[in-house]
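Please work through the exercises below with the model open beside you, and try each task before reading its solution.

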Amino acid sequence: MVSPDSALRRVLRETGKLLQPYGFHGSDPVWVRVEPGGVASVGRTRVTRTWTDGQQVIGFGLELNATPAAWWEFCNWRDSRLGLPPTPLEKAGGPDLITSHRLPDEVTALWSVRLDPEQPGQHVLQADIDTIRAELPRRVHAYARRALQLAEPDRYLDELLARPDKGLGEWEAIVVLLADRGPGPELDDAIHRLRLCLQEQDAADYEANVIAYARSRAALV
């Protein structure tokens, strides 16, 4: 008999062990691997607690992220102008535009852990724990590979450029990441599209900072 919190801790310990062969290190709720192109991370989603037919159900799953090194450098540049200390690469975050996209539904659906109605107190159903443990290696493999893929040089940018519908967030990230490829018509077009997204917003200073950074960064390449 295992309590919900104990069951969750055990699953997360197993997650950390399964991520180690992929080069990820850390502890719940996130494990990271630093690469030349950026930092990849795999972590635990927020834990939800709901009630179904009078029975408590705990839901959680895995999530992934990647932060290109160029985005991290831009964020540190922006923070330095605000008097904020730099963020180490292993602690970098954003732009949070590509996460578990392209992974199949069977590895992105949240797990559900129910309480055993036949046991007194708060004890989870062993069948639910067995299901998670059976699925965990495959999920960890999928999330680790996808996160590392996104941390490859230019991969994040190329996937953003391939998106058919792009908003302000996408164009901001594209401008910053394209700057690492140097000046040229592609960067000029991205800056133009970023400006179009900002036309109806009072964001002149914001726009100027992003574009000034991109222009100066591109000139160094």
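The exercises that follow concern a predicted model, and they take up its enclosed space, its pockets, its nonpolar core and two single residues.

**Exercise 1. Find the enclosed space, and state which residues line the largest cavity.**

Solution. Begin with the general idea that rolling a probe the size of a water molecule over the atoms shows where empty space is left. A search of the whole structure with a lower limit of 30 Å³ finds one cavity, and the space in the largest cavity comes to about 40 Å³. Next, list the lining, which consists of Pro4, Ala7, Leu8, Ile58, Phe60, Val113, Val124 and Ile129. Two elements, α1 (4-19) and β5 (55-60), give two or more residues to this lining, and α1 gives the most, with three residues. Finally, sort the lining by class: eight residues are nonpolar, while none is polar and none is charged.

**Exercise 2. Describe the largest pocket and the second largest pocket by volume, lining and residue class.**

Solution. Take the largest pocket, which holds about 270 Å³ of space. Its lining has 18 residues, and those nearest the centre of the pocket are Val30, Val32, Ser41, Asn65 and Ala92. At least two lining residues come from each of β2 (30-35), β3 (38-44) and β6. By class, the lining of the largest pocket has nine nonpolar, six polar and three charged residues.

Then turn to the second largest pocket, with a volume of about 220 Å³. Here 17 residues form the lining, and Gly37, Ala70, Pro153, Asp154 and Asp180 lie nearest the centre. The elements α2 (69-81) and α5 (155-161) give two or more residues to the lining of this second pocket. Its classes are 10 nonpolar, one polar and six charged.

**Exercise 3. Which residues have the most contacts inside the largest nonpolar core, and what does Phe24 touch?**

Solution. As a starting point, nonpolar side chains tend to be buried together in soluble globular proteins. In this model the largest nonpolar core has 59 residues, and Phe24, Phe60, Tyr156, Leu160 and Val175 are those with the most contacts inside it. Helix α4 (residues 126-150) supplies the largest share of this core, 10 residues. For Phe24, set aside residues up to four places away in sequence; the residues that Phe24 touches are then Leu19, Trp31, Val32, Arg33, Ala40, Ser41, Val42, Ala144, Ala147 and Leu148.

**Exercise 4. Decide whether Thr67 is buried or exposed, and identify the backbone oxygen that lies 2.7 Å from a polar atom of its side chain.**

Solution. Locate Thr67 in strand β6 (residues 62-68). Its relative accessibility is 2%, and because the limit for buried is under 20%, Thr67 counts as buried. The backbone oxygen in question belongs to Gly94. Beyond four places in sequence, Thr67 touches Gly37, Gly38, Val39, Trp72, Ala92, Gly93 and Gly94.

**Exercise 5. Place Gly182 in the chain, and find how far apart Gly182 and Ala40 are in space.**

Solution. Gly182 lies in the loop between α6 (168-178) and α7 (185-198), and it counts as buried because its relative accessibility is 8%. Leaving aside neighbours within four places in sequence, the contacts of Gly182 are Leu187, Ala218 and Val221. Gly182 and Ala40, which are 142 residues apart in sequence, are 24 Å apart in space, taken from C-alpha to C-alpha.

Methods. Residues are numbered from 1 along each chain as its sequence is written. This is a predicted model: local features need pLDDT of at least 70, side-chain atom pairs count only at pLDDT 80 or more; totals for chains, interfaces and linings use all residues. Side-chain values use heavy atoms; hydrogens and water are left out. On a 1 Å grid over the protein atoms alone, a cavity is a set of points where a 1.4 Å probe fits but cannot get out, and a pocket is an open set with protein on both sides within 12 Å along at least five of seven lines; lining residues have an atom within 4 Å of a point. Grid points are joined across faces, edges and corners, and a volume is the space filled by probe spheres set on the points. Helices (H or I, at least four residues) and strands (E, at least two) are DSSP runs, numbered from the N terminus. Ala, Val, Leu, Ile, Met, Phe, Trp, Tyr, Cys and Pro count as nonpolar, Asp, Glu, Lys and Arg as charged, and the others, Gly among them, as polar. Buried means under 20% relative accessible area, exposed over 50%, partly exposed in between (1.4 Å probe, protein chains only). A polar contact is a pair of N or O atoms within 3.5 Å; within protein, one must be able to donate a hydrogen and the other to accept it, and residues adjacent in sequence count only if both atoms are side-chain atoms. Contact means heavy atoms within 4.5 Å. A nonpolar core is a set of buried Ala, Val, Leu, Ile, Met, Phe, Trp, Tyr and Cys residues joined through side-chain atoms within 4.5 Å.
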